Amino acid sequence: MTNPAEEKKLEKRFHYDPVKNRFYVNFENYNIDNERDIHRIEFLVAEQLSHLGKRVDAIVNYENFNIKQDLMQNYTNMVNRLMEHFYAGVTRYTTSASLRDELGKSLQQQQVKPNFYSSNEDAERALQS
């Protein structure tokens, strides 16, 4: 069973800016260790965005993000579902070239364009263009 304090911490990693119609996901220093983590992320995103009645742009911070390799496919499936239902556009950023490569390949297998950048500023600019 997940600690309620840990679940609350996860909730604080999501922020919707109605002025920009932009959804921010902060996975900095976040670890996905089990299937329940993936389901919890999907639930929280749906909870925050389903009432809007429109798609949003999203920026995801993957700085120092870790996921067990055997969960990567399920994670990217979940990302794909979120993109289909809630996101108009998505950019992602991390300074880790290996994570950009690993997660990028997994996303491409789902026919999802990775849109990875090395900084938040670059990710923001990419959504504006």
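**Exercise 1. Determine what share of the protein chain is buried, and describe the surface that remains.**

Solution. Buried residues account for 47% of the 129 residues in the protein chain, and this value, like those that follow, is computed from a predicted model. Turning to the outside, the protein chain exposes about 7200 Å², of which carbon and sulfur atoms supply 47%. As for charge, there are 17 positive and 19 negative charges in the protein chain, and their mean positions lie 3 Å apart.

**Exercise 2. List the secondary structure elements of the protein chain in order, and then judge the overall dimensions of the fold.**

Solution. Begin with the count, which gives five helices and seven strands for the protein chain. Reading from the N terminus on, these elements follow one another as α-β-β-β-α-β-β-α-β-α-β-α. The radius of gyration of the protein chain is 14 Å, close to the 14 Å that the globule rule gives for 129 residues, so the chain is as compact as a globular protein of that length. Along its principal axes, the C-alpha trace spans about 40 × 35 × 25 Å. Finally, consider the contacts in the protein chain with a separation of 6 or more: residues 24 or more positions apart account for 74% of them.

**Exercise 3. Work out the strand order of the five-stranded open sheet, identify its edges, and examine how β6 and β7 pair.**

Solution. Strands of a sheet pair through backbone hydrogen bonds, either parallel or antiparallel. Here five strands form an open sheet in the order β1-β2-β4-β6-β7, with mixed pairing. The edge strands are β1, covering residues 14-17, and β7, covering residues 116-117, since each of them pairs on one side only. At the β7 edge, strand β6 (residues 87-93) pairs with β7 in the parallel sense over two bridges, and Tyr93 stands opposite Tyr117 in β7.

**Exercise 4. Decide whether Leu99 is buried or exposed, and find which residues it touches.**

Solution. First locate the residue: Leu99 lies in helix α4, which comprises residues 97-109. Its relative accessibility is 8%, and because buried means under 20%, Leu99 counts as buried. Next, leaving aside residues up to four places away in sequence, Leu99 touches Tyr62, Phe65, Thr94 and Gly104. For one of these partners the separation can be stated: the C-alpha atoms of Leu99 and Phe65 are 8.1 Å apart, although the two residues are 34 residues apart along the chain.

How values were computed:
Residues are numbered from 1 along each chain as its sequence is written. This is a predicted model: local features need pLDDT of at least 70, side-chain atom pairs count only at pLDDT 80 or more; totals for chains, interfaces and linings use all residues. Side-chain values use heavy atoms; hydrogens and water are left out. Helices (H or I, at least four residues) and strands (E, at least two) are DSSP runs, numbered from the N terminus. The radius of gyration is taken over C-alpha atoms; the globule rule is 2.2 Å times the number of residues to the power 0.38. Buried means under 20% relative accessible area, exposed over 50%, partly exposed in between (1.4 Å probe, protein chains only). Contact means heavy atoms within 4.5 Å. Accessible areas come from the Shrake-Rupley method with a 1.4 Å probe; for residues, only the protein chains shown count as cover. Lys and Arg count as positive and Asp and Glu as negative; His and the chain ends are not counted. The place of a charge is taken as NZ of Lys, CZ of Arg, CG of Asp or CD of Glu. Two strands pair if DSSP finds at least two bridges between them.
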